[in-house]
Structures are given as C-alpha cells and as structure tokens.
Amino acid sequence: MNLEKVEQLIKLVKTNEVKKFTYKDFEHEISIDFTEGGANYNVSNQSSNQSSTANSNDTLQEETTESSYQTVKSPMVGTFFLQDEKELTNPIVKVGDEIKKGDTIGYIEAMKVLNEVTSDVAGVVDEILVDHGSNVEYNQQIINVK
C-alpha cells in the first residue's frame, strides 16, 4: 500500500467524521483513531513488518522495524494448534524459544487429521501471529522469527 492511498484514506475518514476505523487484509493493517486521545494513525505491512504513524498535523513519520525477520507460513488451510490437544496447556513453542529448521512449531487440523507444521527457518521466536485454535489460510504467516 503506497503513501498516497493512506493519505486518501485518512482524508476520507476525516471528511466523514468517523471516530475509529480499521482495515485489515493479508498484507496490510490500517487503524485510524480520532477519539479524545488525539489523532492516531497506524499503518502496518504485515509481510515486511514496517509500520508508519502520523500525528494530528497529518505529517507521516516512518518507523521501520528490523528487516531481519523471517516468517513461518501455513502449508495448508485448517485450524492451527500450538500443541496436539484442543486445550492449550503446554504449547510447543513460545515467544523467546529458539527453533531450528525442521522443528515442529504446531499442528494444523484439516479433515480431522493433525498435520505437523515444521519451521523452514532458524532463529528465536519473536511473535506468534495466530492464536491456538484459530483458522488459517494457505501461506498465512504463523510466527515471526529473528
């Protein structure tokens, strides 16, 4: 999503006097908040972990996180689990855990079969993007790894 489209969206939201607005797809997430705390805009590109924020003067300041992130993506459509049971008691991976290529990071249930999800990257788990028991799409990002 380019900066011009973000600016157009902000103007459209302001013109229609909307107080809160959120747009989310597989690559981007935009949140605009004009409530009492002041004007806040948050635009994030989920695939590259870049975010931009703007203050009430409508000047956009870019804030880029490290580009050293790698992601583990879903190999299929189904329900993602952090362990091989429906009740989450002992997840396979947690934020801060070190993983290697080939390590099992969770399971995806499809057609009543639990399929292992293995990591194709090595590093430290920085963020788990999908909740235990949530539906996932093919190629959806599951975890961020540093």
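This short presentation describes the helix, the strands, the nonpolar cores and the one salt bridge of a predicted model.

Good morning. I shall begin with the overall composition. The chain holds one helix and 13 strands. Read from the N terminus, the helix comes at the start, and the strands follow it. Of the 146 residues of the chain, 31% count as buried. As for how the chain folds back on itself, consider contacts with a separation of 6 or more: residues 24 or more positions apart account for 45% of them.

Let me turn to the helix. Helix α1 covers residues 3-15, which makes 13 residues. At 1.5 Å a residue, a span of 18 Å is expected, and the end C-alpha atoms are indeed 18 Å apart, so the two values agree. Which residues of α1 are buried? They are Val6, Leu9, Ile10 and Val13. These buried residues cover an arc of only 100° around the axis, and therefore lie on the same side of α1. The general background is that an α-helix has 3.6 residues a turn, so residues three or four places apart point the same way. On the other side of α1, the exposed residues are Glu4, Gln8, Lys11 and Thr15. Following the helix is glutamate 17, with a positive phi near 55°.

I now come to the strands, starting with the open sheet. Four strands form this sheet, in the order β6-β13-β11-β8, with antiparallel pairing. Its edge strands are β6, residues 70-73, and β8, each of which pairs on one side only. Within the sheet, strand β8 (residues 98-99) is joined to strand β11 (residues 123-128) by two bridges. In that pairing, isoleucine 99 faces glycine 123 of β11. Strand β11 is also joined to strand β13, residues 141-145, by three bridges, and these two strands run antiparallel. Here glutamate 127 is placed opposite asparagine 144 in β13.

A further set of pairings centres on strand β7. Strand β7, residues 78-81, pairs with strand β12, residues 134-136, in the antiparallel sense over three bridges. Three bridges also join β7 to β9, again in an antiparallel arrangement. Threonine 79 is a useful residue to inspect on the screen. Its bridge partner in β12 is asparagine 135, while in β9 threonine 79 stands opposite glutamate 109.

The loop between β9 and β10 deserves a brief remark. Lysine 112 is found in this loop, with β10 covering residues 113-118. Is lysine 112 buried or exposed? Its relative accessibility is 78%, and lysine 112 therefore counts as exposed. Lysine 112 and glycine 78 are 34 residues apart in sequence, and their C-alpha atoms are 9.6 Å apart in space.

Next, the nonpolar cores. The largest core has 15 residues. Those with the most contacts inside this core are Val72, Phe80, Ile99, Ile105, Val117, Ile142 and Ile143. Strands β9, residues 104-110, and β13 each supply at least two residues of the core. The largest share, three residues, comes from β13. A second, separate core has seven residues, including Leu9, Val13, Ile30 and Phe34. Leu9 and Val13 were named earlier among the buried residues of α1.

Phenylalanine 80 of the largest core can be examined in more detail. Leaving aside residues up to four places away in sequence, phenylalanine 80 touches several residues, among them Ile105, Tyr107, Ile108, Val117, Val130, Val136 and Ile142. Its contacts also include Asp131, His132 and Ser134.

Finally, the electrostatics. How many salt bridges does the structure hold? There is one. As general background, side chains of opposite charge can pair when their charged atoms come close. In this structure, the salt bridge is formed by the side chains of lysine 146 and aspartate 126, at 3.7 Å from N to O. The pair links distant parts of the chain: lysine 146 lies in the segment after β13 and aspartate 126 in strand β11, 20 residues apart. Are these two residues exposed, partly exposed or buried? Lysine 146 has a relative accessible area of 47%, below the limit of over 50% for exposed residues, and so counts as partly exposed. Aspartate 126, at 25% relative accessibility, is likewise partly exposed, because only values under 20% count as buried.

That concludes the presentation. Thank you for your attention.

Note on methods: Residues numbered from 1 in each chain as written. Predicted model: local features only at pLDDT ≥ 70, side-chain atom pairs only at ≥ 80, totals over all residues. Heavy atoms only, no water. Pairing = 2+ DSSP bridges. Core = buried A, V, L, I, M, F, W, Y, C linked by side-chain atoms within 4.5 Å. Buried < 20%, exposed > 50% of the residue type's maximum accessible area, 1.4 Å probe, protein only. Contact = heavy atoms within 4.5 Å. Salt bridge = Lys/Arg side-chain N within 4 Å of Asp/Glu carboxyl O. Expected span 1.5 Å × (residues − 1). Arc of directions from axis to C-beta.
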